[in-house]
Amino acid sequence: MDKLRREIKRINKYNLEYYNSLLDIVDRYIEEKPDIPIETCKAVIEGISKLILHVLKQEPIGTLNKKNLQDLFKEALWALQHKGIALDLEFVLHIGTVIRCLGEEIGRAHV
C-alpha cells in the first residue's frame, strides 16, 4: 500500500488523491470486515487500469466498463510497457496475484 500511496502522491496530474481515501478504507477494515477491503481493492485496481487505458490509448471509459478486472489490468500493463514506462516487476507480480485472487473470490461470491 505504501508504494501505491507514494505513486499517487507523485502523480498529481490526474488528481489521484481520491484513491487515498479508498486505501484508508482498506486499512480500516482489513481485519474487521475483510469483504470491504476486497471490493475496495478491486475498485482501486479497476479505476487505475481504466485511467491508464483512457489516457495512454484514448479508450472511452464507456467501452472500458464492459471489460473484466483481469483483462483491464493486463491491457493497462501492456499499454504502460508499450509506452516505454518502466515498471517495478516485483510490484506488478504481486498486484497480478492479488487481481487473480480477487477475481477468484468475486467469482465464488457470485455463484
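A helix here is a DSSP run of H or I that is at least four residues long, and helices are numbered from the N terminus. With that in hand, you can place E46: this residue lies in helix α3. Keep in mind that everything in these close-ups comes from a predicted model.

**Close-up A. E46, a buried residue of helix α3**. Is E46 buried or exposed? Its relative accessibility is 16%, and buried means under 20%, so E46 counts as buried. Who does E46 touch once you skip its neighbours within four places in sequence? The answer is L69 and L72. Both of those belong to the α5 side of the contact between α3 and α5, and E46 itself is listed on the α3 side.

**Close-up B. Helix α3 meets helix α5.** Here you're looking at α3 alongside α5, which covers residues 69-82. Their axes come within 9 Å and cross at roughly 40 degrees, and that angle makes α3 oblique to α5. The crossing is a left-handed one. On the α3 side, the contact is built from K42, I45, E46, S49, K50, I52, L53, L56 and K57, while α5 brings L69, L72, F73, E75, A76, W78, A79 and L80. Sort the residues of the α3 and α5 contact by class and you get eleven nonpolar, one polar and five charged.

**Close-up C. E59, in the loop between α3 and α4**. Helix α4 spans residues 61-64, and E59 sits in the loop that leads there from α3. With a relative accessible area of 14%, under the 20% cut-off, E59 is buried. Which residues does E59 touch, leaving out those up to four places away in sequence? They are L53, H54, L64, K67 and E75. Two names may ring a bell: L53 and E75 also take part in the contact of α3 with α5.

**Close-up D. Helix α2 against helix α3.** Helix α2 runs over residues 17-29 and helix α3 over residues 35-57. Their axes come within 8 Å and cross at roughly 155 degrees. How do the two helices run relative to each other? An angle over 145 degrees counts as roughly antiparallel, so that's the label for α2 and α3. α2 passes α3 in a left-handed crossing. From α2, the contact uses Y19, L22, L23, I25, V26 and Y29; from α3, it uses I36, P37, T40, C41, V44, G47 and I48. By class, this contact of α2 with α3 holds eleven nonpolar and two polar residues, with no charged ones.

**Close-up E. Helix α1 against helix α2.** Now look at α1, residues 2-10: the axes of α1 and α2 come within 9 Å and cross at roughly 160 degrees. That makes α1 roughly antiparallel to α2. The way α1 passes α2 is again a left-handed crossing. L4, R5, I8 and K9 of α1 meet E17, Y19, N20, L23, D24 and D27 of α2. What's the mix in the α1 and α2 contact? Four of its residues are nonpolar, one is polar and five are charged.

**Close-up F. The aromatic pair.** There's one aromatic pair in the structure. The rings of Y18 and Y19 have centres 5.2 Å apart and planes at 65 degrees, so you'd call the pair edge-to-face. Y18 is exposed, at 52% relative accessibility, whereas Y19 is buried, at 11% relative accessible area. You've met Y19 before: this residue is part of the α2 contact with α3, and of the α2 contact with α1.

Methods:
Residues are numbered from 1 along each chain as its sequence is written. This is a predicted model: local features need pLDDT of at least 70, side-chain atom pairs count only at pLDDT 80 or more; totals for chains, interfaces and linings use all residues. Side-chain values use heavy atoms; hydrogens and water are left out. Rings of Phe, Tyr and Trp (its six-membered ring) pair if their centres lie within 6.5 Å; planes under 30 degrees apart count as stacked, over 60 as edge-to-face and the rest as tilted. Buried means under 20% relative accessible area, exposed over 50%, partly exposed in between (1.4 Å probe, protein chains only). Axes are lines fitted to C-alpha atoms, for helices over the stretch in contact, and angles run from 0 to 180 degrees between N-to-C directions. Angles under 35 degrees count as roughly parallel, over 145 as roughly antiparallel, 65 to 115 as roughly perpendicular and the rest as oblique. A crossing is left-handed if the near helix is turned anticlockwise from the far one by less than a right angle, and right-handed if clockwise. Contact means heavy atoms within 4.5 Å. Ala, Val, Leu, Ile, Met, Phe, Trp, Tyr, Cys and Pro count as nonpolar, Asp, Glu, Lys and Arg as charged, and the others, Gly among them, as polar.
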